[in-house]
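Hi everyone, thanks for coming. Let me put the sequence and the model up on the screen, and then I'll talk you through a few places in it.

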Amino acid sequence: MRVHHLDCGTMRPRGGFLIDGRPGIRRRAEMVCHCLLLETSAGLVLVETGMGSPAGRRPDEWLGRRFVRLTSPVLTEEETAVQQVRRLGFDPRDVRHVVLTHLDLDHVGGLVDFPEATVHVYATELRALRSPRDRAERNRYRGVQFAHGPRWRPYEVGGEPWFGFAAVRELAGLPAEILLVPLAGHTRGHAGVAVDTGRGWLLHAGDAYFFHGQMDPAGPRRPPGIAAFEALVQTERRARLDNQPAPVAHARARPRDAGHGVLGPRCRRVPQAEQRCGPAGVTPHRAAAAARSCCIRSIPTNASTAVAAPIATRTQWPAWNSAATCCR
Ligand SMILES: [Zn+2]
């Protein structure tokens, strides 16, 4: 299976150090939306969809004014999943399946760009969308992003044990190399998505964690702004705290296997690394754009660098894709 790692949305909240742990508090932090495009025997599979093409044309309606003000997202057409699929030389209609970690607006905004795809998600998450049990659930999902009528394929939690997880499951019509992993807490039906890259398992941890330091085998750490944000947006605190070590355990499980890792943090960490895939002599920002579509060919064996996961760092994945080369 060939795996492409994409950033399908950049957010730039105020707070600098408080969010991403890097020096300076007056600057904006930078957070990304990790997506994976998988070339499989069942066609193209997109894991997460980012903010979607309507976000650039009508951001307040699509994402909500509060979200736009708080995160100052970079809403360029080139960041949308559909444009990146095209740039890789594919027809967006060839994306037959979308697998989601959960239904927050920065994960499902691009569903509308792939209206024919079957959308795989935990049934619990779909119930939270359709029958919110409180104001927090009512407010977190954007009805307008689902108005086109996605072709849902819901699943109850269940299945086989896998790397310490009690019950992971395969998905209908998809190869056994793609698994849905229960990681509830951030939302009721939050999932991880595991992908066998051929060199090891890669776990997309969604919003189970936001900062790379939370996966540090020497001891989890996170900036105070991230800690506050995680608590603010959680649906089930106990489940979130119980599940948060799970990606760490996964990353540790086979640290010597290249390709075994966790995809999740959303915060920028190693600026120079993102230029590795970019053309020489361009600005970091342009290099970052060029680096967005990298093939995953190798993942470092060190568990701490293999953790690329939750919402926080665009620059972390080229570090994690240390031997990756650009597709373009
Ligand atoms: Zn979320």
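I'll go through some strand pairings, one helix and two loop residues.

A quick note before that: this is a predicted model, so local features need pLDDT of at least 70, side-chain atom pairs count only at pLDDT 80 or more, and totals for chains, interfaces and linings use all residues. Residues are numbered from 1 along each chain as its sequence is written.

Helices (H or I, at least four residues) and strands (E, at least two) are DSSP runs, numbered from the N terminus. Strands pair if DSSP finds at least two bridges between them.

Let's start with β8, residues 165–170. It pairs with β7, residues 160–162, in the antiparallel sense over two bridges, and Glu160 stands opposite Val168. Two residues lie between these strands in the hairpin, and Phe163 has a positive phi there, near 45°. β8 also pairs antiparallel with β9, residues 178–182, again over two bridges; here Glu170 has Leu179 as its bridge partner.

Now, which residues of helix α7, residues 123–130, are buried? They are Glu125, Leu126, Ala128 and Leu129, where buried means 20 or more other C-beta atoms within 10 Å, exposed 12 or fewer, and partly exposed in between, with C-beta atoms placed from the backbone.

Finally, two non-glycine residues with positive phi. Glu48, at about 70°, sits in the loop between β3 and α2 and is buried, with 27 C-beta neighbours inside 10 Å. Ser72, at about 40°, is in the loop between α4 and α5 and is partly exposed, with 14.
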